[in-house]
Each structure stands twice: as C-alpha cells, then as structure tokens.
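Visitor: I am new to this structure. Please take a close look at its salt bridges and at the parts they belong to.

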Amino acid sequence: MSDVYVSDAVKYIGVNDKTIDLFESQYVVPNGVSYNSYVIMDEKIAVMDTVDKRGTEEWLGNLEAELGDRTPDYLVVQHMEPDHAGSVKILADKYPSMQLVANAKTFTMMEQFFDMDLTDRKVVVKEMDTLSLGAHTLTFVMAPMVHWPEVMVSYESTEKILFAADGFGKFGALDADEDWTCEARRYFINIVGKYGAQVQALLKKAATLDIAMICPLHGPILKENLGYYIEKYDTWSSYRPEDKGILVAYASIHGNTRAAVEEFAAMLEAKGAEKVVVTDLARDDMAEAIEDAYRYDRLVVACPTYDGSVFPCMEDFLYHLKIKNFQNRKVGIIENGSWAPQSGKLMTAYFEGMKDITLVGEKVTIKSSLKEDSRKALEALADAMVNA
C-alpha cells in the first residue's frame with residue numbers, strides 16, 4: 001500500500017511507473033511518472049479515476065485493501081486519456097453494481113475506447129452538479145480543453161479538496177527527489193501549453209472555491225503554499241515570461257554554428273545578461289528546450305541552412321513552439337550558410353506567424369565560419385538582446 005496520506009476519508013490508491021521510457025511516447029521521464037487515483041470512503045464510496053493499464057494490477061490491489069469487504073458505489077471519470085482511464089472497463093466489469101459518473105462528452109469517448117454496456121449505469125453530470133456521498137459532497141466543474149474536450153475537475157467541499165485532473169501535475173514518480181517546479185513546468189508547457197486560455201478560464205473558476213488541497217492525476221498532492229503553485233500556473237497559462245534571461249537554441253552540422261554560439265553566449269554574459277542558457281537542439285531534450293523558451297523572456301535561434309531549408313532539429317523546435325502557442329517574447333536570429341543562406345528568412349517567417357513576437361536587432365548572417373564582419377554583427381545582436 002502507498003504511504004501517501006490525503007485524509008482519513010480520502011485514500012491514495014495510485015501507482016508509480018518507473019519502467020516507462022517515454023511518456024506519451026515522446027517525453028523522457030528519467031524518474032518515471034505517477035498515475036494518481038483516489039477513493040473517498042463514506043456512506044457511499046467513490047473512486048476518483050483509474051490508472052494506466054501498465055499499473056492496473058497494483059492499483060486494484062491498493063483499492064481492494066482500502067475497500068475491505070465493501071464495494072464502490074461510483075467511479076468518477078474526469079479525463080478519458082488512457083494513462084488515467086486505461087482501467088475503467090476492468091473496474092466496471094469487476095463491480096457491476098457500480099455507477100459511472102462523467103459528463104456527456106466523456107461517455108461518448110468511453111464508448112470509443114471500450115466495448116461496454118452502460119445501460120442504467122451512467123450518472124451524467126454537467127457544470128456545478130453535485131454528488132453526495134454522505135459527509136462528503138462532490139461538485140463537478142467542467143474544464144474543456146485542459147487539455148482534452150471532455151475534461152472536468154471535482155471539488156469536495158467538506159475537506160476542501162480539488163481533484164484537479166491533469167492540472168497541477170508533473171513528471172516523476174512520487175518518491176522522486178526532484179524540484180516540483182522544473183518538472184511541472186516541462187509537463188505543463190509541453191502537454192497543456194497550447195491551451196493557455198482554457199487554463200485561465202479554469203483558474204478563474206477555481207478562484208471561487210475554498211481550496212485547502214490539490215490532488216492531481218500526476219505528481220505529488222499539494223497541501224501547502226498553494227498560492228505558489230497557482231501563481232506558476234497563472235504565469236505559464238498566460239504566456240508571461242517566468243524569468244529574465246536569454247535562451248540560445250542552436251543547431252550545428254559541423255561545429256561552426258556551435259562555435260559562433262559559444263562566442264555569442266560569452267558576449268551576452270560579458271554585457272551583463274541576467275541569465276544565459278544554451279541548448280543544442282540536436283542533442284538536448286527537446287521538451288526541456290521548449291520549456292526554457294517559455295521560461296525566459298528572450299530567445300535567440302541559430303541555425304545553418306540545410307537542403308535550402310532549416311536544419312531538421314531547428315525545424316522541429318520551431319514547429320513545437322508554433323503548436324504550443326509560443327508568444328510574447330523577444331527573439332534574435334542567427335543564420336549560417338556556405339553558398340545560399342536561407343535559414344534566417346525561414347526562421348523569421350515562423351516567428352512572424354506567432355503572436356506578440358518582437359524581432360530584436362538585425363539578423364546575423366555567418367558564411368561558413370565567423371569572420372570579422374559577422375563577429376561585429378554578433379556583438380551588435382548581443383547588445384540589442386541584453387538591452388531588449
């Protein structure tokens with residue numbers, strides 16, 4: 001059984017997954033991930049979400065240990081993504097008298113994922129509907145596109161708990177010794193980042209609730225300093241820079257662009273930049289590069305021309321920025337090309353299609369390797385970026 005304590009009546013029954021290599025088949029999770037699930041023990045028993053099928057057996061054992069000789073009355077399904085709903089059918093089959101509580105969109109998706117006969121087993125809820133369990137009452141708050149259209153969160157008013165679905169989650173197993181903010185930021189920006197407006201709408205709803213504890217579907221239960229976590233979500237979802245600093249994201253084929261970036265980073269530091277972070281897009285974690293682009297208020301991209309276009313890992317970086325609604329930043333551009341430099345123009349076009357992006361200084365063009373004229377152009381761009 002887990003030693004995670006929520007309250008005397010609300011029990012944690014989730015599992016840690018430390019064998020997964022890529023979350024959503026794309027994000028590295030060196031410290032694994034948790035699939036959180038809870039059970040509220042009252043006159044009526046409600047299970048709050050299930051877990052990924054990777055953890056079904058352990059999860060069922062945790063649930064059965066809490067239930068003893070009782071059976072659950074309800075399964076509340078807040079989000080149908082398989083890492084949370086992967087065990088819905090197994091639980092429904094195991095407890096045929098149990099009713100399923102969800103909104104209409106969730107039930108539509110449930111029937112897409114599973115072959116289930118839910119006749120007389122559906123409890124369809126909508127905005128601000130309630131479900132009494134006895135001493136505990138759940139209120140359901142719709143959270144469409146945070147980050148799927150069917151998502152809802154649940155507020156338990158007696159203990160003032162917000163069951164937050166994928167909100168306030170992070171990568172990492174619950175026993176991982178790591179900073180919440182870094183992995184929560186990487187999680188939020190890459191998974192939920194596109195839907196900032198929808199997160200803002202949910203935060204406004206949450207502000208009307210008296211919340212003492214947040215129980216997410218990934219990561220630790222938040223019981224203290226809730227204002228800190230809510231402020232981070234407000235910053236991330238409103239696309240405001242979190243810190244003053246300059247991310248220099250580069251791609252380099254044979255090392256000449258890398259050498260130019262190393263000189264440029266030294267220039268920025270010598271000119272008093274608050275923070276300079278350099279990432280090699282071909283070798284570093286792409287999700288972390290996207291995270292840092294959102295974290296800092298300025299970005300410089302440096303890339304060679306390749307096949308008349310942008311080098312692939314830079315193209316991937318720019319694509320991710322675009323689909324995650326990257327905005328409200330100051331950007332500088334460095335291109336390299338031996339015979340027909342094109343990457344600067346193409347990278348500029350990406351940023352011109354984004355909201356509230358300010359292009360800073362003059363585009364720097366390097367022809368093969370740094371020379372006196374391009375070094376002076378780098379100095380000028382460094383001045384412009386530090387003073388932007």
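Guide: Arg298 counts as buried, because its relative accessibility is 1%, and the cut-off for buried is under 20%. The model is a predicted one. The side chain of Arg298 meets that of Asp297 in a salt bridge, with 3.1 Å from N to O. Asp297 is buried too, at a relative accessible area of 13%. Elsewhere, salt bridges with shared partners join Arg185, Lys232, Glu242 and Glu291 into one network. A search of the whole structure finds 25 salt bridges.

Within that network, the side chains of Arg185 and Glu291 meet at 2.8 Å, N to O. Arg185 belongs to helix α5 and Glu291 to helix α9 (residues 286-295), so this salt bridge ties together parts that lie 106 residues apart in sequence. Arg185 is buried, with a relative accessible area of 3%. Glu291 is also buried, with 2%.

Arg185 leads on to the packing of its helix. The axes of α5 (residues 180-192) and α7 (residues 226-237) come within 11 Å and cross at roughly 35 degrees. This crossing of α5 and α7 is right-handed. On the α5 side, the contact is made by Trp180, Thr181, Ala184, Arg185, Phe188 and Ile189. On the α7 side, it is made by Tyr228, Tyr229, Lys232, Tyr233, Trp236 and Ser237. Sorted by class, the contact of α5 with α7 holds eight nonpolar, two polar and two charged residues. Arg185 and Lys232, which take part in this contact, are also members of the salt-bridge network.

Another salt bridge is made by the side chains of Glu64 and Lys94, at 3.0 Å from N to O. Glu64 sits in helix α1 (residues 56-67) and Lys94 in helix α3 (residues 88-94), so the pair ties together parts that are 30 residues apart in sequence. Is each of these two residues buried, exposed or partly exposed? Glu64 is partly exposed, with a relative accessible area of 34%. Lys94 counts as partly exposed as well, at 40% relative accessibility.

The sheets give the rest of the setting. One is an open sheet of six strands in the order β1-β6-β7-β8-β9-β10, with mixed pairing. Its edges are β1 (10-12) and β10 (122-124); each has a single partner strand, so one side of each is left without a neighbour in the sheet. The twist from one strand to the next averages 20 degrees. Strands β6 (residues 38-40) and β7 (residues 46-48) run antiparallel and are joined by three bridges. Here Tyr38 stands opposite Met48 in β7. Helix α4 (residues 104-113) lies across β9 (99-102) and β10, and runs at about 120 degrees to β9.

There is also an open sheet of five strands, again with mixed pairing, in the order β11-β12-β13-β14-β15. Its edges are β11 (130-132) and β15 (213-215), each with a single partner strand, so one side of each has no neighbour in the sheet. Neighbouring strands in this sheet are turned against each other by 20 degrees on average, with direction ignored. Strand β14 (residues 161-163) pairs with β15 in the parallel sense over three bridges. Phe163 has Cys215 of β15 as its bridge partner.

Methods. Residues numbered from 1 in each chain as written. Predicted model: local features only at pLDDT ≥ 70, side-chain atom pairs only at ≥ 80, totals over all residues. Heavy atoms only, no water. Axes fitted to C-alpha atoms, helices over the stretch in contact; angles between N-to-C directions. Helix = DSSP H or I, 4+ residues; strand = E, 2+ residues; numbered from the N terminus. Left-handed = near helix turned anticlockwise from the far one by under 90°. Contact = heavy atoms within 4.5 Å. Nonpolar A, V, L, I, M, F, W, Y, C, P; charged D, E, K, R; others polar. Pairing = 2+ DSSP bridges. Salt bridge = Lys/Arg side-chain N within 4 Å of Asp/Glu carboxyl O. Buried < 20%, exposed > 50% of the residue type's maximum accessible area, 1.4 Å probe, protein only.
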